[in-house]
Amino acid sequence: METIYTEKHKLRDAKTELCGGELVEPFERPSRAEYVLDRVRETGLGPVSDPDDFGMGPILAIHDAEFVEFLKTAPARWKVAGFNGEAIPTTWVGRRMSHIRPNHVEGQLGYYALAGETSLTEGTWEAAYASAQVALTGAARIRSGAGAVFSLCRPPGHHATADMYGGYCFFNNAAISAQHFLDHGAKRVAILDIDFHHGNGTQDIFYDRSDVLFISLHGDPLETFPYHLGHAEETGSGAGTGFNLNFPMPPDTPFDVWQAALHKGLARIAEYKPDVLIISLGVDTFETDPISFFKLKSDDFLTMGADVASAGLPTHFIMEGGYDVDEIGVNAVNVLQGFER
Ligand code: SP5
Ligand code: ZN
């Protein structure tokens, strides 16, 4: 299987993450992608290629233009405003407050952020742009006939909505890929999100549409990030009713329980008959992940890959989360090797 990768991800290198009231080294750090790439090479998974440049068009097909401009300019504006640290929101649009966009950069952070752990920094926009190009290149390979591709995206994307960033995500790579398939002849695309966290951004983007089926397996939002979306009752709206499927699961969920949900999701995908399957591939379901609470073991990722392969669909793997950095390479590549066996 071919891997798409660029070193430009290193431009996303925040020094701070607001965690437990402290500023800590971010869990989402450059070494994550390096370890995954090392494992891709070590296992001989397949060639590693640079992305092509598809420009802003496919990003703007998903994201709000003013949001994109905000991400690009906010770090410099933050400095001009006299702030010394990395840009972190301190206000939010609370219930019954106004959705009028403020002028001041501090107010705009609260307007565009869905979480406060993700500091905005110089270089973030460029890395996020490159990450989206990785996903678009992966999608193009599938369109040219590849059975499966691994887009080694960093920063991740599934928490980003059309006009909100957070959860370490800026541009929604899976959504950008899905729209790219639809704009090039696909009739139906399924996105299966197996990251530990609910893919709130992807759900939100396609919630009222039937041309994208979104299925997410994740930690119950009553107990974990992103807290405010991902309940089983969320099944889509309008034309999208029945095309959104959530499997929230409790702390300490073991693989057999998780796999039963996977099988239900795959059954729904089989019924939907998509032209292509996108996997939002997070490996933060691992038992020793520092911010998550499932109990999957490294071998389980092989089984999961084989289960995904049983769908028999062209499959675009897009990297999302996974924060036990020492094991992220083994776990992510296990999914891909399990798929190929
Ligand atoms: C892409 C992805 O996996 N994003 C996850 C974003 C999670 N952000 C919240 C992290 C909260 C960390 N809390 C610290 C718990 C330490 N045990
Ligand atoms: Zn995650």
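**Close-up views of a predicted model**

**View 1. Helix H10 against the sheet.** In this predicted model, helix H10, which spans residues 325-340, lies across three strands, namely S5, S9 (276-281) and S10, and its direction makes an angle of about 175° with that of S10.

**View 2. The open sheet and its edges.** Eight strands make up an open sheet with parallel pairing, and their order across the sheet is S4-S1-S5-S10-S9-S6-S7-S8. Strand S4 (48-49) and strand S8 (244-249) each have a single partner strand, so one side of each of these edge strands is left without a neighbour in the sheet. Strands of a sheet pair through backbone hydrogen bonds, in either a parallel or an antiparallel manner.

**View 3. The pairing of S5 with S10.** Four bridges join strand S5 (residues 148-151) to strand S10 (residues 315-319) in the parallel sense, and among the residues involved, serine 151 has isoleucine 318 of S10 as its bridge partner.

**View 4. Isoleucine 318 and the nonpolar core.** Leaving aside residues up to four places away in sequence, isoleucine 318 touches a set of residues including Ala135, Gly138, Ser151, Cys153, Ile278 and Ile279. The largest nonpolar core contains 95 residues, and those with the most contacts inside it are Leu152, Val189, Ile191, Ile278, Ile279 and Ile318. Helix H5 (residues 124-143) supplies the largest share of this core, eleven residues.

**View 5. The surroundings of ligand 1.** Ligand 1 is surrounded by 16 residues, of which Pro156, Gly167, Phe225, Ile291 and Gly321 are the closest. By residue class, the shell around ligand 1 consists of seven nonpolar, five polar and four charged residues.

Terms used. Residues numbered from 1 in each chain as written. Chains lettered and ligands numbered in written order. Predicted model: local features only at pLDDT ≥ 70, side-chain atom pairs only at ≥ 80, totals over all residues. Near = placed C-beta within 6 Å. Nonpolar A, V, L, I, M, F, W, Y, C, P; charged D, E, K, R; others polar. Pairing = 2+ DSSP bridges. Helix = DSSP H or I, 4+ residues; strand = E, 2+ residues; numbered from the N terminus. Contact = placed C-beta atoms within 7 Å. Axes fitted to C-alpha atoms, helices over the stretch in contact; angles between N-to-C directions. Core = buried A, V, L, I, M, F, W, Y, C linked by C-beta atoms within 7 Å. Buried ≥ 20, exposed ≤ 12 C-beta atoms within 10 Å, placed from the backbone.
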